[in-house]
Amino acid sequence: MNYLYLVKRTAIALLSVFIVASVVFGVTTLLPGSAANIVLGTEATEEAVQQVNEDLGLDRPLMVQYIDFVVGVFTGDFGESLISGQPVMEMVWQRLLRTLQLAFVATLISVVTAIPLGILAAAKRDTIFDHLTTSGSYIGLSIPSFVSATLLLLFLTTPPLALFPKGGYVSISEGVIPWLHHLLLPALAMNTIILAYVLRQTRSSMVDTLESDYIRTARLKGVAERNVLFKHGLRNGLLPTVTVLALNFGWMMGSVVIIEQIFAFPGMGELIVQAIDNRDLPVIQAGILVPTIAFIFANFLADIIYSMLDPRISLGE
Amino acid sequence: MPQVDTDTTIETDRRSILKVGATLGAIGITGLAGCAGLGGSNDENTIQPNDDVLKDYDSLPTGGTFNIGAQQGIQTMSPFQGFLADYLVAEMMYDRLTRVDQNFEVHPNLAKEWESNDDYTVFTFMLEENATYSNMDGETVTAEDVKATYDYLTSDDFSGSPSSLSGVNEIEVIDETTVEIRLDEPDLNFTKRISETGGAFFIVPKSILDEDPSQLEDTDYGSGPLELTEWNQQNNITFTAASDYHIEGVNGDPLPYVDEIEWDILSDDIQRANALSDGDIDAVSRISRNVTDRVQGDVQLVKQTSGLQYPIVLNTTVEPFDDPNVRKAIKYALDREEILAAVTPDGVLGLHAGVTPVHTYYNEELDTGDTFGTTADPEMAQEMLAEAGYSDGLEIQQLHYDDGVPAKETIAQLFQQQMQEVGIEFEINRLTEETWLADYWNQDDVWYITNYSTRVLGSTVPQLALRSDGPWNEASWSNEAYDEAFQRAASATDEETKAEALKECQKISHREGAWVGTFHPQIYGGYQNHVKNYNLYPTYIKDFVSRCAVDK
Amino acid sequence: MATNNSTQNESSRFEVPPIVWKLLNNRRIVIGMSLLAPIVLVAILGETIAPYDPTATHVADRYAGPGGKFILGTDHLGRDLLSRIILGGRTSLLLGFGATALALTLGVPIGLTAGYAKGRVDEVLMRIMDIIMSVPTLLLGLLILVVLPSNIINVVMAIGVVYAPRIARVTRSATLSVSEEEYVMAAKARGESRPYILFREILPNVTGPIVVEGSVRVGYAIMIGTSLSFLGLGTGPPNPDWGFMISTAREHIYQTPWFLIWPSIALLLTVMATNLIGDGLRDVLDPRETGDLS
């Protein structure tokens with residue numbers, strides 16, 4: 001494992017966080033309207049708005065606010081909600097954990113279904129099975145998550161097929177089955193596109209790998225077909241999938257905004273939507289930055305795993 | 001977004017196309033022959049008028065937790081700040097001097113009795129001796145607290161302007177439990193006015209106000225029937241029964257009947273309907289008509305006439321709304337029946353006057369005659385436009401509406417279409433509620449659809465919004481005859497004079513005003529059948545919640 | 001005799017570049033085009049073929065099912081669904097193509113510059129692109145649209161900016177491999193200006209991957225655009241818009257499921273068509289894996 005590579009990657013990740021934080025700060029200070037009106041209600045006067053702005057520290061020079069903000073991002077302190085005064089990190093943390101559970105289940109579903117399907121499709125290239133899965137994945141790729149969410153909600157939560165609850169969240173401490181029961185549909189809805197994509201990606205990179213010289217050599221050497229597939233083929237064939245899963249994590253962080261709305265799932269997405277409605281600046285900032293940081297981290301992790309699996313990478317760039 | 005990558009070609013023969021069809025079928029799209037297949041409409045859950053299902057109870061079950069679903073969370077614990085939604089919390093935790101029930105009748109609360117002089121300018125309130133505050137070591141409510149609260153609400157430190165206390169000249173502490181309030185002008189309905197929805201006259205301990213009023217923002221210092229014990233921002237709020245509340249229930253014991261009330265914040269209407277059906281919550285404080293069809297299970301749905309109004313404000317600072325003929329043209333071209341049909345089948349139509357059909361002083365005689373009617377009269381509209389000089393049509397600047405009330409979107413779209421029919425053209429523009437309140441509400445040069453909740457007094461909206469000097473005169477409309485009639489009503493010392501004067505106000509506003517009423521919706525609520533004593537008030541007041549009992 | 005005729009015929013016949021045949025022979029492009037072409041045509045014709053004014057309300061006929069006066073039924077305000085879908089399609093397609101065009105306009109020059117200049121310039125530019133790409137797409141769009149007013153121009157702009165980095169990356173990769181070719185070296189030796197080299201020598205030879213990426217982006221731009229308007233950040237009522245229609249339709253499912261179904265199908269078919277075309281184009285223009293997965 002090349003340590004220089006690791007250090008370089010870490011530095012880049014941190015720099016990215018810094019720049020994104022700065023951009024988010026810049027953009028959100030442009031927000032029209034103010035939280036003061038929410039706090040004061042319809043009976044707000046000019047002076048009152050001034051006062052509230054002062055109390056909330058919104059009248060300090062921009063530079064001061066900026067430095068405060070960036071330092072806060074790195075220490076995990078996003079300030080307090082303009083509306084409730086609650087520390088933002090507290091609000092975000094709990095919800096983030098729930099959203100991560102959702103992302104985890106979604107990823108699990110795609111790993112467990114799409115990858116084997118993709119491998120099989122590659123192995124049985126050009127058969128009916130292959131064509132079926134391919135056409136299916138086209139449709140999956142073309143259905144936006146809010147459409148699949150709404151349809152799933154419509155068909156699987158109302159009679160005659162009321163197999164799932166209509167939304168909400170149950171902590172895993174109350175049992176794995178109820179926990180999963182509530183997570184399954186939103187995870188699936190979030191997943192239709194990812195499933196399709198992972199399937200196709202796996203299939204195509206497996207096809208490439210299976211036809212590559214590397215595999216031909218293994219076959220010529222007389223290695224058993226099963227071993228060819230699993231030991232040699234999988235390792236290389238799955239490499240791109242690692243990157244893909246990381247990319248998809250980023251995509252999931254975005255699509256939760258819609259999915260959680262539809263399924264009444266109390267996660268990050270719901271928080272962001274409410275914060276935007278309320279012009280709750282610190283929460284909006286955290287809502288955008290935290291998933292982004294998570295994504296940057298996921299990419300970082302994927303890079304490291306990739307370099308561990310493929311020795312060619314870490315030796316240079 | 002993930003990229004698509006290489007793959008082998010797929011066959012274009014009939015087989016592949018059939019596969020696509022099969023997949024679509026599998027998703028069940030072909031199975032949607034009718035609504036019945038969706039398992040939605042439940043005929044058993046018909047919506048009953050609230051008053052029809054009310055019962056008189058000799059006794060009610062005690063104990064248990066009452067889970068109720070709300071649309072919005074609260075932004076602050078302070079009873080003096082925030083939106084109307086926050087009164088949901090204030091009424092659990094705090095008390096006013098009086099309380100008003102669903103028939104707009106006044107009852108004692110912190111004031112156990114009161115008297116006034118003959119011309120209704122001096123009111124003396126005798127307070128309960130043992131109304132205890134939460135988190136105050138057993139301190140009880142005194143006249144000093146009432147005065148301190150009043151002083152705070154009218155001071156510079158408080159940024160709002162509590163309309164329920166306007167016209168109060170002085171508050172004097174007579175003794176520990178007696179307080180005297182003197183008014184500038186007679187007010188027959190003062191005891192109702194101090195409990196007006198939107199009025200913030202909740203009594204708060206003097207010591208807290210003297211020390212630091214901002215403590216109210218995160219601690220419950222109220223004397224109300226419940227005490228706030230847990231606040232999970234945007235998720236749920238838990239209240240526990242206060243010990244020894246000063247008002248008794250039917251059992252002869254202090255309210256509330258339940259041990260705990262938990263408000264679950266479910267902002268999406270559909271979510272709330274689902275939660276009620278599933279039994280995740282015991283009741284909802286409010287539910288939209290759109291989703292009542294999906295409520296199933298052992299649930300009673302109720303409806304109540306309300307004075308909720310969504311008037312279109314023809315701001316006279318916007319040309320050409322300063323021309324009364326243009327305003328009349330709009331009123332003629334307006335088809336309120338169509339709007340009603342589109343939004344809610346059970347609502348009622350009122351007047352363009354701010355006073356609604358649920359109020360006692362509502363002017364019923366105006367419903368007939370030359371009052372613009374309830375459907376469109378395009379000929380009269382064109383005539384009025386011609387008189388104003390716009391026989392070729394008229395272009396107006398954007399109409400704004402906010403997304404805080406879903407009905408406004410429907411009103412805006414239908415209104416736009418209806419006006420188009422007579423040649424009045426304008427775009428519509430949607431704002432967030434917050435932007436509307438911050439940048440457009442009560443400003444010059446913009447017009448929009450506003451909203452007022454049901455007030456306890458019919459005269460409140462005119463007082464706020466239709467008088468020339470009204471603090472919320474959104475249309476900047478000024479009419480001498482109206483002001484004169486309103487003044488007569490305000491200073492009346494007997495019911496008949498007051499009623500007659502207010503009815504004249506309504507006539508003037510309806511004909512000449514810049515306030516275009518649309519409709520008054522029914523409001524809807526619902527509860528599981530094991531909930532007892534649920535009583536949906538037409539006003540925004542939700543203290544009926546603290547009077548519910550659960551039989552679990 | 002026969003030979004003479006055929007020679008004469010051959011010389012006067014218009015030479016179709018072989019690429020066109022390849023494109024037309026690709027199954028995916030054919031299916032994709034046969035889906036997309038009518039959609040585009042209908043969107044262009046818009047009001048002329050829409051049976052009703054899409055914003056005209058007929059409250060008495062609200063929630064009508066398909067068949068009868070309104071071919072696909074009506075929505076909660078009695079507006080004709082077919083007309084609204086046709087005009088909504090126009091918005092979605094404008095969004096998809098407009099945003100992609102903007103992404104290309106921004107991304108291609110950046111990619112060309114980075115790929116040609118290499119070294120520091122390349123690193124800096126690509127890092128910036130990476131950073132933009134590290135924000136989840138929908139969140140970035142949300143951020144931009146929360147600050148700007150919601151109209152179609154801003155939505156196009158937001159999505160264009162969000163997708164420009166991907167275009168830049170693809171362009172850069174292709175430029176990297178082309179920049180060592182002989183004709184580029186020759187142009188450099190001749191002393192041609194950099195813009196000339198980039199746009200006249202390199203660009204024509206990297207169109208393959210760019211076209212492929214662009215065509216794939218169209219589908220995703222439409223999806224993101226509809227997602228944003230689902231959240232209420234699009235053009236706003238009463239203008240017809242698929243995303244917003246689907247969002248509103250959820251509340252009225254029990255009154256009529258068709259309000260939800262038709263825009264969903266329309267969206268599905270449109271995106272599927274663009275995906276198919278994109279894949280087909282890739283088969284023909286850029287069959288090898290570029291190796292760059294972002």
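Among contacts in chain C between residues at least 6 apart in sequence, what percentage join residues at least 24 apart? The figure is 72%. Keep in mind during the tour that this is a predicted model.

**Stop 1: chain C as a whole**

Select chain C and show it as a cartoon. The chain has 11 helices and 0 strands, so expect an uninterrupted run of α elements when you trace it from the N terminus. Along the principal axes, its C-alpha atoms fill a box of roughly 75 × 65 × 30 Å. Of the 294 residues in chain C, 53% are buried.

**Stop 2: two helices of chain C**

Next, select residues 27-45 of chain C, which form helix α3, together with residues 81-117 of chain C, which form helix α4. The two helices pack with their axes 8 Å apart and at an angle of about 105°. An angle of 65 to 115 degrees counts as roughly perpendicular, and therefore α3(C) is described as roughly perpendicular to α4(C).

Now show side chains at the contact. From α3(C), pick C:Ile39, C:Val40, C:Val42 and C:Ala43. From α4(C), pick C:Ile86, C:Gly89, C:Arg90 and C:Leu93. Coloured by class, the residues of this contact come out as 6 nonpolar, 1 polar and 1 charged. C:Gly89 is the polar one and C:Arg90 the charged one, because Gly is counted among the polar residues and Arg among the charged.

**Stop 3: chain B as a whole**

Hide chain C and show chain B. Here there are 16 helices and 23 strands. Chain B has 552 residues, of which 53% count as buried. Of its contacts with a separation of 6 or more, 72% are between residues 24 or more positions apart.

**Stop 4: the loop between β10 and β11 of chain B**

Select the stretch between strand β10 (236-241) and strand β11 (260-265) of chain B. Two residues in this loop are worth labelling: B:Asp244 and B:Pro256.

At B:Asp244, phi is near 60°, a positive value in a residue other than glycine. Is B:Asp244 buried or exposed? B:Asp244 is exposed, because 11 other C-beta atoms lie within 10 Å and the limit for that class is 12 or fewer.

Further along the loop, look at the bond between B:Leu255 and B:Pro256. This peptide bond is cis, with omega about -5°.

**Stop 5: a second cis bond**

Move to the loop between β14 (312-313) and α9 (324-333) of chain B, where B:Pro320 lies. The peptide bond leading into B:Pro320 from B:Glu319 is cis, and its omega is near -5°.

**Stop 6: a helix pair in chain B**

Select helix α10 (residues 336-343) and helix α12 (residues 406-421) of chain B. Their axes are 10 Å apart, and the helices pack at an angle of about 140°. The crossing is right-handed.

On the α10(B) side, show B:Glu338, B:Ile339, B:Ala342 and B:Val343. These meet B:Ala407, B:Thr410, B:Ile411 and B:Leu414 in α12(B). By class, the contact has 6 nonpolar, 1 polar and 1 charged residues.

**Stop 7: B:Ser476**

Finish in the loop between α14 (460-466) and α15 (480-490) of chain B, at B:Ser476. Although B:Ser476 is not a glycine, its phi is positive, about 50°. B:Ser476 has 18 other C-beta atoms within 10 Å and is partly exposed.

Key: Residues numbered from 1 in each chain as written. Chains lettered and ligands numbered in written order. Predicted model: local features only at pLDDT ≥ 70, side-chain atom pairs only at ≥ 80, totals over all residues. Axes fitted to C-alpha atoms, helices over the stretch in contact; angles between N-to-C directions. Helix = DSSP H or I, 4+ residues; strand = E, 2+ residues; numbered from the N terminus. Parallel < 35°, antiparallel > 145°, perpendicular 65-115°, else oblique. Contact = placed C-beta atoms within 7 Å. Buried ≥ 20, exposed ≤ 12 C-beta atoms within 10 Å, placed from the backbone. Left-handed = near helix turned anticlockwise from the far one by under 90°.
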